[in-house]
Amino acid sequence: ADLQVRQDVRNRTLRAVCGQPGMPRDPWDLPVGQRRTLLRHILVSDRYRFLYCYVPKVACSNWKRVLKVLAGVLDSVDVRLKMDHRSDLVFLADLRPEEIRYRLQHYFKFLFVRDPLERLLSAYRNKFGEIREYQQRYGAEIVRRYRAGAGPSPAGDDVTFPEFLRYLVDEDPERMNEHWMPVYHLCQPCAVHYDFVGSYERLEADANQVLEWVRAPPQVQFPARQAWYRPASPESLHYHLCSAPRALLQDVLPKYILDFSLFAYPLPNVTKEACQQ
């Protein structure tokens, strides 16, 4: 009953926002670039007749692991291999237009979402704190662009959260890296009528409910979170937001306002009183 109530609220919210004039009604209404992004983010299971739009930093690696198990490529969701995010996976972009249309019309479709700013913090901590490729490709550019006195060749491994936010303010949401691109642009929830929108906050329960709906074998359960994993939490997000200039947050929020609106996440409270608590 609780699941049904939450889905009803989310569906009504989606219908209200997507019903506004000018919103797309179908993937073929989208400009070519937006449609390409969408089709590259929808994974296909023909055996179990479902489509999953993956959102980076919302447990998409574990969902890809599940798809590989369902396809018979992996023996278990608990196999701890470095995830190859392309091999042994089928994307809607790989198919012909008539095959895409058929699957969009007849398959079960779902995605998972997360508080937009918590997702940004998770991407920031992971990509700039751990991944050398991101430090060199994005971090160095951010430091050069936004830090006074930065040399011509910064390492990019010490990007601050406010610097990351300044970078996002200047970026076109449609051309962002997928790890911080708004969910709206990744999955186009007005153009694709998803049957279920799960949440990171109830990840295991929602994910296993999806597996039950698509009639996955009972032994295939969504992987439990590793004991060592420390996700970005509401508390750490509160700390980072309260440490950032308020004017900067006011400039960032419009980039993600559709994610807040469509998926019913509250805007952050960064008043002086809230930040002193």
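# Briefing: helix packing and selected residues in a predicted model

Ala59 sits in the loop that joins strand S2 (50-53) to helix H3 (60-70). The structure is a predicted model, and Ala59 is a useful place to enter it, since its phi is near 60°, a positive value in a residue other than glycine. Most residues other than glycine have a negative phi. With a relative accessibility of 17%, Ala59 counts as buried, because buried means under 20%. The points below go from single residues in loops to residues in helices, and then to the way helices pack.

**Residues in loops**

- Gln188 belongs to the loop between helix H8 (183-187) and strand S4 (196-199), and its phi, near 45°, is a positive value in a residue other than glycine.
- Gln188 has a relative accessibility of 0%, and it therefore counts as buried.
- His41 is placed in the loop between helix H2 (32-40) and strand S1 (42-45), and because its relative accessibility is 7%, His41 counts as buried.
- The side chain of His41 reaches the backbone oxygen of Thr37, at 2.8 Å.
- When neighbours within four places in sequence are left aside, His41 is in contact with Tyr52, Cys53, Tyr54, Glu178 and Leu186.

**Residues in helices H3 and H4**

- Cys60 is part of helix H3, and with a relative accessible area of 8% Cys60 is buried.
- Not counting residues up to four places away in sequence, Cys60 touches Tyr52, Tyr54 and Val55.
- Cys60 and Leu111 are 51 residues apart in sequence, while their C-alpha atoms are 9.6 Å apart in space.
- Tyr102 and Val73 are 29 residues apart in sequence, and from C-alpha to C-alpha they are 25 Å apart in space.
- Tyr102 is found in helix H4, where its relative accessible area of 37% makes Tyr102 partly exposed.
- Among residues over four places away in sequence, Tyr102 touches Arg49 and Tyr107.
- Arg103 also has its place in helix H4 (residues 97-106), but Arg103 is buried, with a relative accessible area of 12%.
- Leaving out residues up to four places away in sequence, Arg103 touches Val44, Asp46, Leu51, Leu92 and Leu95.

**How H6 packs with H5 and with H7**

- Two packed helices are described by the angle between their axes and the distance between the axes.
- Helix H5 (residues 116-130) and helix H6 (residues 132-146) pack at an angle of about 100°, and their axes are 7 Å apart.
- H5 and H6 are therefore roughly perpendicular to each other, a description that covers angles from 65 to 115 degrees.
- On the H5 side, the residues that meet H6 are Lys127, Phe128, Gly129 and Glu130, and on the H6 side they are Arg132, Tyr134, Gln135, Tyr138, Gly139 and Ile142.
- Sorted by class, this contact of H5 with H6 has four nonpolar, three polar and three charged residues.
- The axes of H6 and H7 come within 10 Å and cross at roughly 90°, which makes H6 roughly perpendicular to H7.
- In this second contact, Tyr138, Ile142, Val143, Arg145 and Tyr146 in H6 meet Glu163, Phe164, Arg166, Tyr167 and Asp170 in H7.
- Sorted by class, the contact of H6 with H7 has six nonpolar, no polar and four charged residues.
- Tyr138 and Ile142 in H6 are listed in the contact with H5, and Tyr138 and Ile142 are listed in the contact with H7 as well.

**The two faces of H10**

- In helix H10 (residues 234-243), the residues Ser236, Leu237 and Leu241 are buried.
- These buried residues cover an arc of only 130° around the axis, and so they are on the same side of H10.
- An α-helix has 3.6 residues a turn, so residues three or four places apart point the same way.
- The exposed residues Glu235 and Tyr239 are carried on the face of H10 that is turned away from its buried side.
- The cover over the buried residues of H10 includes H5, helix H7 (161-170) and helix H11 (246-252).

Technical notes:
Residues are numbered from 1 along each chain as its sequence is written. This is a predicted model: local features need pLDDT of at least 70, side-chain atom pairs count only at pLDDT 80 or more; totals for chains, interfaces and linings use all residues. Side-chain values use heavy atoms; hydrogens and water are left out. Helices (H or I, at least four residues) and strands (E, at least two) are DSSP runs, numbered from the N terminus. Buried means under 20% relative accessible area, exposed over 50%, partly exposed in between (1.4 Å probe, protein chains only). A polar contact is a pair of N or O atoms within 3.5 Å; within protein, one must be able to donate a hydrogen and the other to accept it, and residues adjacent in sequence count only if both atoms are side-chain atoms. Contact means heavy atoms within 4.5 Å. Axes are lines fitted to C-alpha atoms, for helices over the stretch in contact, and angles run from 0 to 180 degrees between N-to-C directions. Angles under 35 degrees count as roughly parallel, over 145 as roughly antiparallel, 65 to 115 as roughly perpendicular and the rest as oblique. Ala, Val, Leu, Ile, Met, Phe, Trp, Tyr, Cys and Pro count as nonpolar, Asp, Glu, Lys and Arg as charged, and the others, Gly among them, as polar. The arc is that of the directions from the helix axis to the C-beta atoms.
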